[in-house]
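Welcome! Please take a moment to look over the sequence and the 3D view before reading on.

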Protein chains: 4
Amino acid sequence: MARLTEDAKGVYVIAVTPFTDDGALDLGSIDSMVDFYEGAGVTGLTVLGQLGEAPKLTAEESRTVVERVLKRLDGRLPVVVGVSAPGLAPMRELAEAVMGEGAAGVMVAPPWTVKTDDQAFAFYQSVGEALGETPFVLQDYPLTTNVTIAPKVIERIFNEVQNCVMLKHEDWPGLSKITALRAASDSGAMRRISILCGNGGLFLPEEMGRGADGAMTGFCYPEMMVGVVAAYAAGNPDRAHEIFDAYLPLARYEQQQGIGLASRKYVLAKRGVIKSATLRKPGAKLSALDIADVERLLARQAIRLKEIGA
Amino acid sequence: MARLTEDAKGVYVIAVTPFTDDGALDLGSIDSMVDFYEGAGVTGLTVLGQLGEAPKLTAEESRTVVERVLKRLDGRLPVVVGVSAPGLAPMRELAEAVMGEGAAGVMVAPPWTVKTDDQAFAFYQSVGEALGETPFVLQDYPLTTNVTIAPKVIERIFNEVQNCVMLKHEDWPGLSKITALRAASDSGAMRRISILCGNGGLFLPEEMGRGADGAMTGFCYPEMMVGVVAAYAAGNPDRAHEIFDAYLPLARYEQQQGIGLASRKYVLAKRGVIKSATLRKPGAKLSALDIADVERLLARQAIRLKEIGA
Amino acid sequence: MARLTEDAKGVYVIAVTPFTDDGALDLGSIDSMVDFYEGAGVTGLTVLGQLGEAPKLTAEESRTVVERVLKRLDGRLPVVVGVSAPGLAPMRELAEAVMGEGAAGVMVAPPWTVKTDDQAFAFYQSVGEALGETPFVLQDYPLTTNVTIAPKVIERIFNEVQNCVMLKHEDWPGLSKITALRAASDSGAMRRISILCGNGGLFLPEEMGRGADGAMTGFCYPEMMVGVVAAYAAGNPDRAHEIFDAYLPLARYEQQQGIGLASRKYVLAKRGVIKSATLRKPGAKLSALDIADVERLLARQAIRLKEIGA
Amino acid sequence: MARLTEDAKGVYVIAVTPFTDDGALDLGSIDSMVDFYEGAGVTGLTVLGQLGEAPKLTAEESRTVVERVLKRLDGRLPVVVGVSAPGLAPMRELAEAVMGEGAAGVMVAPPWTVKTDDQAFAFYQSVGEALGETPFVLQDYPLTTNVTIAPKVIERIFNEVQNCVMLKHEDWPGLSKITALRAASDSGAMRRISILCGNGGLFLPEEMGRGADGAMTGFCYPEMMVGVVAAYAAGNPDRAHEIFDAYLPLARYEQQQGIGLASRKYVLAKRGVIKSATLRKPGAKLSALDIADVERLLARQAIRLKEIGA
């Protein structure tokens, strides 16, 4: 299987983890979900992320999910696996296991104990050493990790840690960070690396305008990310904004902690992608009023998509 | 001047504080800003909030701002003043001063030291005592204060602290909180209080649908909040969503820490509401790329508003 | 093997995890460490705690450590195992495994997402359900978990979650919490549960004075905890303070994040308890100046212990 | 009045703010307190610190406290004033006022919004500019501010911000930071600045051993800090430790948030330094059991001090 490189572009969708109504892994839904994402035109999949409810899985279940996804894809699309852990040993253990099964790379967020510039660099340097040959994604997500990494520290990490090949950009606000990193590689101060954007896609058109290579996020309509990225690639930012705006009211609704993921799974279940919208415990549940909100947004979105011919 | 009561409805706009290019208070722009907000149809003004850069003002400047706003309004609209402080004595000092000058009420957010349910209640009980006759707003803003207040604690506060008359709701996600509080007053478990919503207006239509009385936030187009609240009051939620959706791309852009306020002031200056877009130091500045983003959003917004006849 | 109950008393020492100089598990040192703790008169052992570097172990290594400790003890002393995890499934998986091997109970700290009183209760209620028959310890450690649990919430948890049998008390300051909980059980408002105290033992004499049943902490001289608890049990608080004061300068030195654990392992290695003082990466290392500090404290401590005949 | 310089040495005691039983400022007790501190041999006073309950004072009360202290001292000892504020304008306003009245310098802690190395530097650079000629102390207190400043950033601040003349060192653990800063000035990489240590004095002997110039903290027996610093200055570290150890049990007891300050004021009132032990609301109160704890510690401390002839 091809390994993740600095040239990665497009949409790596953050996959949900499907459960049955009583919270067991739903392997059949993993298959249908993989088929759906592939059909939607994504470039790759990212599994075992926070929004994949990874921390709620046992070690064995984590392996099962990755195996099932890889088997269904059969090498057609690359898979990135979240392996963040408080220690290097468990991180390496999971990374080696999934790379052995055919993953393209792994993703690592910093622990909350990282405070200063040098500590951030030292953490990723030790990750790079621990992972050896495995290419990895630096997940820069201050809102959740409580760790802020300055652009010049990211520059230093990419310059000195060779197996770090991609930035999952979800600093907020972070547009100036993309601009700074692109300026650094344009000037030769750092190698050009892949930048895919998270944050639920909420700033995707502007991020593409600053030089991002695509998206890595899990909004329940991957068609949005695929459409925005394609329109930008085709040199048509106005079309990108048009598509984005049509999906924005729902994408915004997904940006609610807990309820947002429940809303995402509700829509995926409604679309037939997974069988059950259930989150494993402890997890949020939509109320009847929440569902009414989502249904109204879906109805309005369908009308608007028709209007713009998307 | 009328005092703030539980019956407050509509849009209390969070006013910016206008500065000259070199960071001095711009009193002339306070006048034009007040006129603009009044012309836009807001119900009241809230000054000295976080997004009014209140912590950057000296005590004397804070008084000057309040006096100028009150003088310009001349009693036509009520004014709420942010008085949050780490101690009760400075909070009471400012509250007494502004009430003496004609403010309608004050607003208080909890200090980060509040952790448990009883501590939250005890804090607002002591605020109620310290403020005496002055009506006040409970600002529930966990994202900034790091204090989460459960619905049943809010219920208890409103039941036992009589001068607490309004909730500035900006928990995120918080739709279920509005629902819980309205159920509590419908059942007679608590008195019905005013709920105005913040969070940049990002969930305003859904919040109105849950029973909110309006908005208290500072988006650079107060027309959006006024329009959404009016459409809901007129029993037309679809029109409310239509108006909301047209402004949403820009409202979302304002939800960037630091840059968001700079963007808000940029638009207000461009609209002629204030003379300079300057934030007092330390404050963010828009780059040329940020400005291009905002201009694109404004152009697209103008087209969309025309399409929907708003 | 006997299971942990509300009657537990004495000293459950938080065991370090011994590594070789290059960071591999040192099983031989586990044996010598177990022998040392037993010889020092502790009542039980707690393994896989934060200060046992648990998050740095792979799942397999965690099992290996527990097995080795249990085998060496051969049922002579009870063993509590830290099983805190972000999800219930991995927590239950580890708990079932170690209980099957002969552990006496497990310990669970709350995740940082817990904010309100009801959320704290709901978390421990779901832990109780997930663990089934397994007795468990509520670890109340706000300084690290960032979760504050009010005494009345602890009371409610112990009243409604029957397999929660012990409080590891390390709120700081927390003396009034012990007093409140003892008053609650004295009045019959809650059952009397076991309270063992952490925080490096830094308030142990005062905590015993408030009604604690002993200590659960890992200071490098378990003789201190054993001596203080025994003196209190014998009705001799002055002797307890005398012993405590002699060890306090070193115990205080151990209260430095990172360096503190390195200092603890340095002393244990010097005493021949474990072979290497190494912390697994990422971990702190003592400088020559740090070592000089510790040596001075050890020398002074030896003199003082002699003076008081301890 | 002499201004604070890089040559400052000795003990700057953090003064409490005395209140009457009902929470009013007690000016008479300010006088007796100043006399007491002077009699205890301190080198200077620091007022309006966190543990001086500064955030609970009105702006006018803050000025009154500073004036009263300065008047009583009549230039015999230098006074540092805490002026931390979320904005530069109110910080400068207070600084100018107190310098005009005869303060020797001011002290500034960073706001929690500071995250990266460059942000920490930029904050102190802007403070330096805002304060103009006024010498100031960099308060490095991560436990309270949640801001960690790496040694090399402190080095850069002192190199580029000329009116920053002293570090109030209370990083925890922070011994290696003192070592790094002294190495930097020894090698000529930065000018030698004054380092006074806080943290309740809990690591004072070790900090002096690393090259600190003294203490800036408010333990209720300033005799401890004066004695330790003097013994170190006299080349007698063993005597320093002996004095320190005698006071340590009580100093440790003061390290409890809230209750610690109540305990400090209780002892000061008992010693006749201030009339009332009251903390202004919201503030902790000692229970009868807390008082019994403190009394036992005082009795034991008196005996031990006699034994060592201190």
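The report below covers how two chains are related, a few strands in one chain, and an annotated residue in another.

Keep in mind as you look around that this is a predicted model.

Let us begin with the chains. A turn of 180° and a shift of 0.0 Å along the axis lay chain D on chain B, with an RMSD of 0.0 Å. The two copies are therefore related as by a two-fold rotation axis. Within chain D, Ala59(D) has the C-alpha nearest that axis, at 3.9 Å. Both copies use the same surface, for 100% of the contact residues of chain D recur in chain B.

Now to strand S2 of chain D, residues 44-47. Gly44(D) and Thr46(D) point one way from this strand, Leu45(D) and Val47(D) point the other way, and all are buried. Its pairings with two other strands are set out here.

| Strand paired with S2(D) | Bridges | Direction | A facing pair |
|---|---|---|---|
| S1(D), residues 10-14 | three | parallel | Val13(D) and Leu45(D) |
| S3(D), residues 79-82 | three | parallel | Val47(D) and Val81(D) |

Helices link these strands. S1(D), helix H1(D) (residues 27-39) and S2(D) make a right-handed β-α-β unit. S2(D), helix H2(D) (residues 59-73) and S3(D) make a right-handed β-α-β unit too.

Finally, visit chain A. An unreviewed UniProt entry lists Met216(A) under "binding site". Where is Met216(A) found? The loop between strand S8 (214-215) and helix H9 (222-233) of chain A holds Met216(A). Its relative accessibility is 0%, so Met216(A) counts as buried. Leaving aside neighbours within four places in sequence, Met216(A) has contacts that include Tyr12(A), Thr46(A), Lys168(A) and Cys197(A).

Conventions: Residues numbered from 1 in each chain as written. Chains lettered and ligands numbered in written order. Predicted model: local features only at pLDDT ≥ 70, side-chain atom pairs only at ≥ 80, totals over all residues. Heavy atoms only, no water. Least-squares fit on C-alpha atoms with pLDDT ≥ 70 in both. Contact = heavy atoms within 4.5 Å. UniProt positions renumbered as here; feature names shortened; annotations may be inferred. Helix = DSSP H or I, 4+ residues; strand = E, 2+ residues; numbered from the N terminus. Buried < 20%, exposed > 50% of the residue type's maximum accessible area, 1.4 Å probe, protein only. Pairing = 2+ DSSP bridges. Right-handed = clockwise from strand over helix to strand, strands pointing away.
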